[in-house]
Amino acid sequence: VKINVNNAENLILSTVNIERIRASQGELDNYENEIKPIFDGIMQLTPDKNLWIIGNTNDTKNIMALSVRMSEGKVVREEKYNVIGSAAEKDEWWQGPQKNGENWSKPYYFEGWKANLASHGRKIEKDGKFIGVVGVEVILDDFKTEIKDVKILKTGYLFLMDKDMDLIYHPSKDAKNLKDLDKNVAERFQSEALSSKNPEGIFFYKLNGIEKALSYYKLSNGW
């Protein structure tokens with residue numbers, strides 16, 4: 001995901017002319033059309049086959065919104081929209097990169113794609129000007145299907161959670177957080193794993209009188 005965001009960022013920074021995209025909506029549209037073939041190529045290298053750049057209209061006054069994805073074997077370009085002033089302006093996918101430079105959003109359901117997603121976005125600046133946010137959506141439904149089918153020995157399984165121990169996927173559908181499964185295990189995980197600088201580890205515990213082992217690996221996004 002990060003490699004493709006890097007490529008998209010490099011494309012924008014090496015081609016964008018700030019004065020041109022400020023000049024008129026027509027000039028900005030022409031710029032988007034010029035870079036779209038390369039943008040499409042980068043998109044098709046992403047695992048989930050989507051890529052977007054949403055511009056900062058507070059600066060340009062013109063709408064930059066180039067968002068493409070693969071659907072039924074074809075490249076689909078999403079409809080242009082202005083994030084500034086819309087309900088989406090307060091969303092984490094837009095605000096997070098502005099605050100942190102780079103950001104993974106909490107999982108959310110997107111009605112337009114009818115899918116559960118997590119956004120990875122990065123703030124793009126040139127000559128000290130905030131141009132916009134470039135990013136990729138990770139389709140969690142596909143990811144959940146893949147890890148659901150992984151079995152470890154007779155009773156083992158995989159699960160995924162974020163840095164707040166909110167469960168992104170777990171076989172127990174009723175649990176929303178690790179604390180919902182076992183408060184003591186969650187407290188141990190928080191003190192022994194989350195606070196540790198080691199990216200991976202294992203600890204042993206008892207659940208309902210049964211000896212268990214929890215092995216973990218921390219992803220680069222904090223999950």
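A salt bridge is a side-chain nitrogen of Lys or Arg within 4 Å of a carboxyl oxygen of Asp or Glu. The structure shown above is a predicted model, and by this rule it has 18 salt bridges.

One of them joins the side chains of Arg22 and Glu19, with 3.1 Å from N to O. These two residues sit three positions apart in helix 2, which covers residues 18-23, so about one helical turn separates them. Arg22 has a relative accessible area of 27% and is therefore partly exposed. Glu19 has a relative accessible area of 54%, so Glu19 is exposed. The dividing value here is 50%: a residue counts as exposed over that value.

A second salt bridge links the side chains of Asp164 and Lys106, at 3.0 Å from N to O. Asp164 belongs to the loop between strand 10 and strand 11 (167-169), and Lys106 to the loop between strand 4 (102-104) and strand 5 (108-110), so this pair ties together parts that are 58 residues apart in sequence. Both ends are partly exposed: Asp164 has 39% relative accessibility, and Lys106 has a relative accessible area of 32%. The pair also belongs to a network of salt bridges, in which Lys106, Asp162, Lys163, Asp164 and Asp166 are linked.

A further salt bridge is formed by the side chains of Glu125 and Lys123, with 3.6 Å from N to O. Here too the residues are partly exposed, Glu125 at 43% relative accessibility and Lys123 at 24%.

The next topic is strand pairing. Strand 1, residues 50-55, pairs with strand 2 in the antiparallel sense over five bridges. Strand 2, residues 65-71, also pairs with strand 3, residues 74-77, again in the antiparallel sense, over four bridges. Strand 2 thus has a partner in strand 1 and another in strand 3. Arg69 of strand 2 shows this arrangement in a single residue: Asn50 stands opposite Arg69, and Arg69 stands opposite Val76 in strand 3. Beside Arg69 in the sequence is Met70, whose bridge partner in strand 3 is Val75. What links strand 2 to strand 3 in their hairpin? There are two residues between the strands, and Glu72 takes a positive phi near 55°.

The last part of the tour concerns the largest pocket and a patch on the surface. The largest pocket holds about 1,100 Å³ of space. Its lining is made up of 37 residues, and those nearest its centre are Tyr157, Leu158, Phe159, Leu214 and Ser215. Several elements give two or more residues to this lining: helix 6 (140-148), strand 9, strand 10, helix 7 (178-181), helix 8 (183-194), strand 12 (200-207) and strand 13 (210-217). Which element supplies the largest share of the lining? That is strand 13, with eight residues.

Leu158, one of the residues nearest the centre of the pocket, lies in the loop between strand 9 (156-157) and strand 10 (160-161). With 32% relative accessibility, Leu158 is partly exposed. Leu158 also takes part in a nonpolar surface patch of about 370 Å², together with Val150, Ile152 and Leu153. Patches are made of residues with over 30% relative accessible area and no salt bridge, and the 32% of Leu158 is over that cut-off. Leu158 therefore appears both in the lining of the largest pocket and in the nonpolar surface patch, while its relative accessibility places it in the partly exposed class.

Note on methods: Residues numbered from 1 in each chain as written. Predicted model: local features only at pLDDT ≥ 70, side-chain atom pairs only at ≥ 80, totals over all residues. Heavy atoms only, no water. Patch = residues over 30% accessible without salt bridge, like charges linked within 9 Å, V, L, I, M, F, W, Y side chains within 5 Å. Areas by Shrake-Rupley, 256 points an atom, 1.4 Å probe, with all protein chains shown as cover. Buried < 20%, exposed > 50% of the residue type's maximum accessible area, 1.4 Å probe, protein only. Pairing = 2+ DSSP bridges. 1 Å grid on protein atoms, 1.4 Å probe; cavity = no way out; pocket = protein on both sides within 12 Å on 5 of 7 lines; lining within 4 Å. Points joined across faces, edges and corners; volume = space filled by probe spheres on them.
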